[in-house]
Amino acid sequence: AGGGVVGGTVGEVSVAEKEGMLDKAFSLAEDARREERLGSGAKAAVAFREAAKAFRDLLQAEWVSGEERFVIEEQIAVCCQGVEDTARAAGGSLSASLRPSSSLPATTEVPASASREGPASGSKTKGSKTGGGNRGMVIRELLESERTYHGKLSTLHRIYRTRLAESLQTLSPVTNQEQFDRLFSNTKDLEVHSAALIRSLEASFSGGTPPHDAQVGEAVLRSMHHVSVYSSYTERLSDAMALVELLRAKSVAAGGGLAAIEAEAKESDGAQAMDWYLIEPFQRCLRYPMLIERLLRETPPETARERAALSEALEIVTRVAEDANKARDARDSVGTLGRIREALDREGFVSSAKVVRKGLLTRVRRVPTDGV
């Protein structure tokens, strides 16, 4: 098998060679995150830059399929954002040598056969093997995206939960205890759930097991048995988001408060606004079914136990995700109807009737039952 794929050279690639190239890029990304956790902003920025370049190089490989390209492009975006965030935290603007746009090659044009939707029907990507490199890619994406998600939960708690908890002990708290509980509900449980999944997935690689051979089904299933923690969170999410808007508006008018905490967090840590972190668990809940379904699709038929565990996990989390979506739609509908009523009130329409739905009105003529 010819190994010269990175950089555009055409050739057949074995699963082992493919795994080696992917391992290099993901290892560089993990090194960058390690430097970031240690507080080495400048070193982390350089490491993220090198990881982004390694992923960019992978896009030149002929064997990269549509799904792999999508994952690699996501990692490039994460690493480039890491360059910006860590360099900013290290003390200011980026030097030219650290800017992703100035030091990384442009993304190659995506051919029609390798679009984000995957290869065209009936086509087969060279070097792509079910249960091989593709499966390893999906497992890596599951683990790496879970680590990223866990980091966002940690930031929510480290910055916003901590600051608002400290505020409760002052004479002018930003929230009262009841509001504090509404904002964070069971976010600590979500963080514990995420950390447990990460540990279980990492344990699956013990002993140097290649990612595509890792048996992760039981780990995923154990995690999904406890995914109901997302149900109680998503039920209260709209209330929490509305409360953030209210607290922010009040603090802008009075000075200080949540708006000041968010501004300080952005300046000192490069953090996002609080509601940006609050929506993350909902989005993660919806992403689990997609990731597990892809993993199941790439798992060989002969691994019956692995496929059974993943199938059960997919069934469990799909129900939770569907319920979360329905709850969100119901809350959005109620909010929309309320805003319509307020708009009608402002226009002077006084009526005891209630608005039931926004949309086209279809009149249905009653058909006589006597046939006349």
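What percentage of the 372 residues of the chain count as buried? In this predicted model, the answer is 42%. Keep that figure in mind as we walk through the structure together.

Let's start with the overall layout. The chain is built with 14 helices and 0 strands. If you follow the sequence along, you therefore meet the pattern α-α-α-α-α-α-α-α-α-α-α-α-α-α. Next, look at how parts of the chain touch one another. Take the contacts between residues at least 6 apart in sequence: 73% of them join residues at least 24 apart. As for the outside, the accessible surface of the chain is about 19,800 Å², and carbon and sulfur atoms account for 53% of that area.

Now let's zoom in on one pair of helices. Two packed helices are described by the angle between their axes and the distance between the axes. Find helix 6, residues 177–184, and helix 10, residues 237–254. Their axes come within 8 Å of each other and cross at roughly 125 degrees. An angle from 65 to 115 degrees would count as roughly perpendicular and one over 145 as roughly antiparallel, so helix 6 and helix 10 are oblique to each other. Their crossing is left-handed.

Which residues of helix 6 and helix 10 make the contact? Helix 6 brings Gln179, Arg182 and Leu183, while helix 10 offers Asp239, Ala240, Leu243, Val244 and Leu247. Sorted by class, this contact of helix 6 with helix 10 has 5 nonpolar residues, 1 polar residue and 2 charged residues. Try picking out each of them in the structure above.

How values were computed
Residues are numbered from 1 along each chain as its sequence is written. This is a predicted model: local features need pLDDT of at least 70, side-chain atom pairs count only at pLDDT 80 or more; totals for chains, interfaces and linings use all residues. Side-chain values use heavy atoms; hydrogens and water are left out. Axes are lines fitted to C-alpha atoms, for helices over the stretch in contact, and angles run from 0 to 180 degrees between N-to-C directions. Helices (H or I, at least four residues) and strands (E, at least two) are DSSP runs, numbered from the N terminus. Angles under 35 degrees count as roughly parallel, over 145 as roughly antiparallel, 65 to 115 as roughly perpendicular and the rest as oblique. A crossing is left-handed if the near helix is turned anticlockwise from the far one by less than a right angle, and right-handed if clockwise. Contact means heavy atoms within 4.5 Å. Ala, Val, Leu, Ile, Met, Phe, Trp, Tyr, Cys and Pro count as nonpolar, Asp, Glu, Lys and Arg as charged, and the others, Gly among them, as polar. Buried means under 20% relative accessible area, exposed over 50%, partly exposed in between (1.4 Å probe, protein chains only). Accessible areas come from the Shrake-Rupley method with a 1.4 Å probe; for residues, only the protein chains shown count as cover.
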